[in-house]
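Trainee: I am new to this structure. Could you take one part, look at it closely, and then show how it fits into the whole?

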Amino acid sequence: MRLIASDIDGTILGHDGRISRRTVDAFAAAAEAGVEIVFVTGRPPRWLEPIREQLGHAGTVICSNGAVSYDLGAEKVLGSHLLPWETVEKVRGIVKELDPQSYFALESLTGLHVEEGFFGSRTPASSASVVPAALTPVIADAGIVKMLAVRHTGNADEFLELVYPHIGGLIGVTHSAPDLALLEMGARGVNKAVTLAKYAAARGIEAADVVAFGDMPNDIEMLGWAGSGYALASGHPQALAAASLVAPRFEDDGVAQVIESRLAELRLA
């Protein structure tokens, strides 16, 4: 175990915005033992305060499902994979034709852009200051790293099943919201595993020496790539099916339990 790569939401961070004391201590012990730690998330760079404040992490974070590599300490984008406006426009037209009650948002390197109707009746506190407006080509000037599509009925699995056959050849599609029909789309061929593999290779770390944790479909590629990919027992069925290993449930500090066990093995070795 030379590198720990962990998802954030639903893996180490709860709906209350807290990371358990046991998990904080486990990551601290791993760092003290010389294990490198990188967080790999669907979140954009501006939503990383929980790991900075609660874990004291100031290193690299792989954001937006692999589309952005970010230096949290320096608050600097290290690399990005951008979506061209032509792709955004084409995908939006196809999805809208399949489901006229779908709404869209774009995540750029400078912020979130949402159209009217995207939030529906629930505006998250983290986006309270975002004013809905028409999505126009000028947004591409800021560098589009993620496209979001939502419908306010059904679930994400159903929404993905509807649209993927029609847009899968144009754009990467996944989801990570457990209770919302929200799809996350990025540059085709880019995912958490692709960017994590480049990060590890640059440090001379092979996949066999990586321990990864996740709980949702956007973690599938990462869990399959890592030498030890753990899906949390409380995670999505597709994540569990893709992973070779299962960690205890989030509610039972599953990530902390695995890290503690593996550190004990290192000490014995």
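Mentor: Start with Glu75, which sits in the loop between E4 and E5. Keep in mind that this is a predicted model. The backbone at Glu75 stands out: phi is near 50 degrees, a positive value in a residue other than glycine.

Now step from that loop into strand E5, which covers residues 76-80. Leu78 is found in this strand. Leaving aside residues up to four places away in sequence, Leu78 touches Thr60, Ser69, Tyr70 and Asp71. Two strands come into view here. Strand E3 runs over 60-63 and strand E4 over 68-71. Leu78 also gives a sense of distance. Leu160 is 82 residues from Leu78 in sequence, and their C-alpha atoms are 30 Å apart in space.

Go back one loop. Asn65 lies between E3 and E4. Asn65 has a positive phi as well, about 60 degrees, although it is not a glycine. Is Asn65 buried or exposed? Asn65 is buried, because its relative accessible area is 9% and the cut-off for buried is under 20%.

Strands E3 and E4 lead to the core. Each of them supplies at least two residues of the largest nonpolar core. So do helix H1 (21-32), strand E2 (36-40), strand E11 (210-214), strand E12 (228-232) and helix H8 (254-268). H8 gives the largest share, 5 residues. This core holds 32 residues. Those that touch the most other members are Ile4, Phe27, Phe39, Leu48, Ile51, Phe213 and Ile259. In soluble globular proteins, nonpolar side chains tend to be buried together.

Take Ile51 from that list. What does Ile51 touch, not counting residues up to four places away in sequence? The partners are Ile8, Ile19, Phe39, Gly56, His57, Val61 and Leu72. A second, separate core has 21 residues, including Leu83, Phe104, Val173 and Ala181.

Helix H1 deserves a look too. Val24 lies in this helix. Val24 is buried, with a relative accessible area of 10%. Beyond residues up to four places away in sequence, Val24 touches Ile19, Gln54 and Leu55. Ile19 is also among the residues that Ile51 touches. Asp157 is 133 residues from Val24 along the chain, and 32 Å separates their C-alpha atoms.

Now step back to the whole chain. There are 8 helices and 13 strands. The radius of gyration is 18 Å, close to the 18 Å that the globule rule gives for 269 residues, so the chain is as compact as a globular protein of that length. Along its principal axes, the C-alpha trace spans about 60 × 35 × 35 Å. Of the 269 residues, 49% count as buried. Contacts reach along the sequence: among those between residues at least 6 apart, 57% join residues at least 24 apart.

Finish at the surface and the charges. The chain exposes about 12000 Å², and carbon and sulfur atoms supply 52% of that area. The side chains include 21 positive and 33 negative ones. The centres of these two sets lie 3 Å apart.

Notes:
Residues are numbered from 1 along each chain as its sequence is written. This is a predicted model: local features need pLDDT of at least 70, side-chain atom pairs count only at pLDDT 80 or more; totals for chains, interfaces and linings use all residues. Side-chain values use heavy atoms; hydrogens and water are left out. Helices (H or I, at least four residues) and strands (E, at least two) are DSSP runs, numbered from the N terminus. The radius of gyration is taken over C-alpha atoms; the globule rule is 2.2 Å times the number of residues to the power 0.38. Buried means under 20% relative accessible area, exposed over 50%, partly exposed in between (1.4 Å probe, protein chains only). Contact means heavy atoms within 4.5 Å. Accessible areas come from the Shrake-Rupley method with a 1.4 Å probe; for residues, only the protein chains shown count as cover. Lys and Arg count as positive and Asp and Glu as negative; His and the chain ends are not counted. The place of a charge is taken as NZ of Lys, CZ of Arg, CG of Asp or CD of Glu. A nonpolar core is a set of buried Ala, Val, Leu, Ile, Met, Phe, Trp, Tyr and Cys residues joined through side-chain atoms within 4.5 Å.
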